[in-house]
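Student: I am new to this structure and should be grateful for a close look at one helix, together with the loop before it and the spaces around it. Please then set that helix beside other parts of the chain.

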Amino acid sequence: MVDLDRENLGFTLVDTDFMYMAKCGPDGNFSEGEMLPFGPIALSPSAGVLNYGQGLFEGLKAYRKTDGSILLFRPEENARRMIIGADRMCMPAPTVEQFMDAVKQTVLANKRWVPPTGKGSLYIRPLLIGSGAILGVAPAPEFTFVIYVSPVGNYFKEGLAPIKLIIEDNFHRAAPGGTGGVKTIGNYASVLKAQRTAKEKGYSDVLYLDAVHSKYLEEASASNIFVVKGNTISTPAIEGTILPGITRKSIIEVAENKGYKVEERLVSVDELFVADEVFCTGTAVVVSPVGSITYQGKRVEYDGNHGVGVVSQQLYTSLTGIQMGLLEDRMGWTVQLN
């Protein structure tokens, strides 16, 4: 394994050894991919992704077990989500089998970068872009599928400690009929301004409301939101403006198996002020407890064990235990690499 400063390993790019690349022409079929040294890729200035934002990405992780073997967490879900997103963006997508094979190849080629158990993970970034040259507004004539990886630690500097959110009511992340429900690159550029302003004020991230009524919770910049009241856990329903997070889906299943009632529905901003706990989920953050939320000058704080609620801690421990191979995977979610 590579000797990294694992105690200070945050969510920043570390150049690794290899990346995967495959091309697709007008026939919609991807070439046999190849492993290349990690580095820059060549694009025409008129590439579809540069001019019209025709691009998607995914995010998943590889974990090292205590016996040294490597686990992937639900990679087929990322493959299926990329296929759905590619259709929305008029792009061909690799099949589930092609996607899975490419991910496995990339991780194994960079296996020395997978941190030890409990010291981080290897973040995997599949990227599908319109790489062909195009002048008019139209789908690109060529597409490139790339996968690169980076060892990472915690997404938020707080780690499993409470984060501070501020609700944004001037900007919206997505609107009905748009692309909020797919992982297209433009969704993330649009949150940067509000996120930067929030961080300058000392907040960890921004929580967005719906674009129609400005009263229902949607999601944070790069994670889904859950609200706990008693034995009930509520999360905004997937209605086309919210990304169907794979960690979100997994947490719902884990919570239901533990006896919690999970509701996927419209969740009003007012419910935050009477909630017992609030937490975020995502590939990068896994489960991130929320310590406080500020909305229109009013701040609500959530108590717990140093700000970490009982439910957040329980679900975090259960999910990461499966991801790292510390608990039995009764769900069949993990894929072990040889």
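Tutor: A residue counts as buried when its relative accessible area is under 20%, as exposed when that area is over 50%, and as partly exposed in between. The model is a predicted one, and the helix chosen here is α6, which covers residues 246-257.

The approach to the helix comes first. Ile238 is located in the loop that joins β12 (232-236) to α6. Its relative accessibility is 32%, and therefore Ile238 is classed as partly exposed. When neighbours within four places in sequence are set aside, Ile238 has contacts with Leu243, Pro244 and Arg248. One of these partners, Arg248, is itself a buried residue of α6. Ile238 may also be placed relative to Glu218: 20 residues separate the two in sequence, and their C-alpha atoms are 9.2 Å apart in space.

The helix itself comes next. α6 is built of twelve residues, and the distance from its first C-alpha to its last is 17 Å. At 1.5 Å a residue, 16 Å would be expected, and the value found is close to that. Its buried residues are Ile246, Thr247, Arg248, Ser250, Ile251, Ile252, Val254 and Ala255. After α6 comes Gly259, which has a positive phi near 95°.

Two kinds of space touch this helix, and the cavities may be taken before the pocket. Searching the whole structure yields two cavities of 30 Å³ or more. The largest cavity holds about 80 Å³ of space. Its lining consists of Gly59, Leu60, Lys61, Tyr63, Phe73, Asn78, Ile246, Thr247, Thr283 and Gln323. The elements that contribute two or more residues to this lining are β4 (60-64) and α6. β4 has the largest share, with three residues. Sorted by class, the lining of this cavity comprises four nonpolar, five polar and one charged residues. Ile246 and Thr247 thus appear in two settings: they line the largest cavity, and they belong to the buried residues of α6.

The largest pocket has a volume of about 670 Å³. Its lining is made up of 31 residues, and those nearest the centre of the pocket are Phe57, Tyr123, Arg125, Tyr188 and Ala222. α6 supplies at least two residues of this lining, as do β6 (121-130), β7 (143-152), α4 (186-189) and α5 (192-200). Of the contributions to this lining, that of β7 is the most, at three residues. The 31 lining residues fall into 15 nonpolar, eleven polar and five charged. α6 is accordingly named both among the elements that line the largest pocket and among those that line the largest cavity.

A second helix, α7 (residues 310-323), is linked to this picture through its residue Gln323. Gln323 is part of the lining of the largest cavity and is one of the buried residues of α7. The others buried in α7 are Val311, Ser312, Leu315, Ser318, Leu319, Thr320, Gly321 and Ile322. α7 has 14 residues; from first C-alpha to last it reaches 20 Å, close to the 20 Å expected at 1.5 Å a residue. Gly325, just after α7, has a positive phi of about 75°. Gln313, within the residue range of α7, lies 8.1 Å from Pro289, C-alpha to C-alpha, although 24 residues separate the two in sequence. Pro289 is placed in strand β15 (residues 286-295), and its relative accessibility of 1% is the reason that Pro289 counts as buried.

A third helix, α3 (residues 96-109), completes the set. Its 14 residues should span 20 Å at 1.5 Å a residue, and its end C-alpha atoms lie 20 Å apart, in agreement. Phe99, Met100, Ala102, Val103, Thr106 and Val107 are the buried residues of α3. Viewed down the helix axis, these buried residues occupy an arc within 165°, so they line one face of α3.

The backbone of two loops deserves a closing word. Most residues other than glycine have a negative phi. Cys90, in the loop between α2 (75-88) and α3, nevertheless has a positive phi of about 55°. Ser214, in the loop between β9 (205-209) and β10 (217-220), likewise has a positive phi, near 55°. Ser214 has a relative accessible area of 28% and is therefore partly exposed.

Conventions:
Residues are numbered from 1 along each chain as its sequence is written. This is a predicted model: local features need pLDDT of at least 70, side-chain atom pairs count only at pLDDT 80 or more; totals for chains, interfaces and linings use all residues. Side-chain values use heavy atoms; hydrogens and water are left out. Helices (H or I, at least four residues) and strands (E, at least two) are DSSP runs, numbered from the N terminus. The expected span of a helix is 1.5 Å times one less than its number of residues. Buried means under 20% relative accessible area, exposed over 50%, partly exposed in between (1.4 Å probe, protein chains only). The arc is that of the directions from the helix axis to the C-beta atoms. On a 1 Å grid over the protein atoms alone, a cavity is a set of points where a 1.4 Å probe fits but cannot get out, and a pocket is an open set with protein on both sides within 12 Å along at least five of seven lines; lining residues have an atom within 4 Å of a point. Grid points are joined across faces, edges and corners, and a volume is the space filled by probe spheres set on the points. Ala, Val, Leu, Ile, Met, Phe, Trp, Tyr, Cys and Pro count as nonpolar, Asp, Glu, Lys and Arg as charged, and the others, Gly among them, as polar. Contact means heavy atoms within 4.5 Å.
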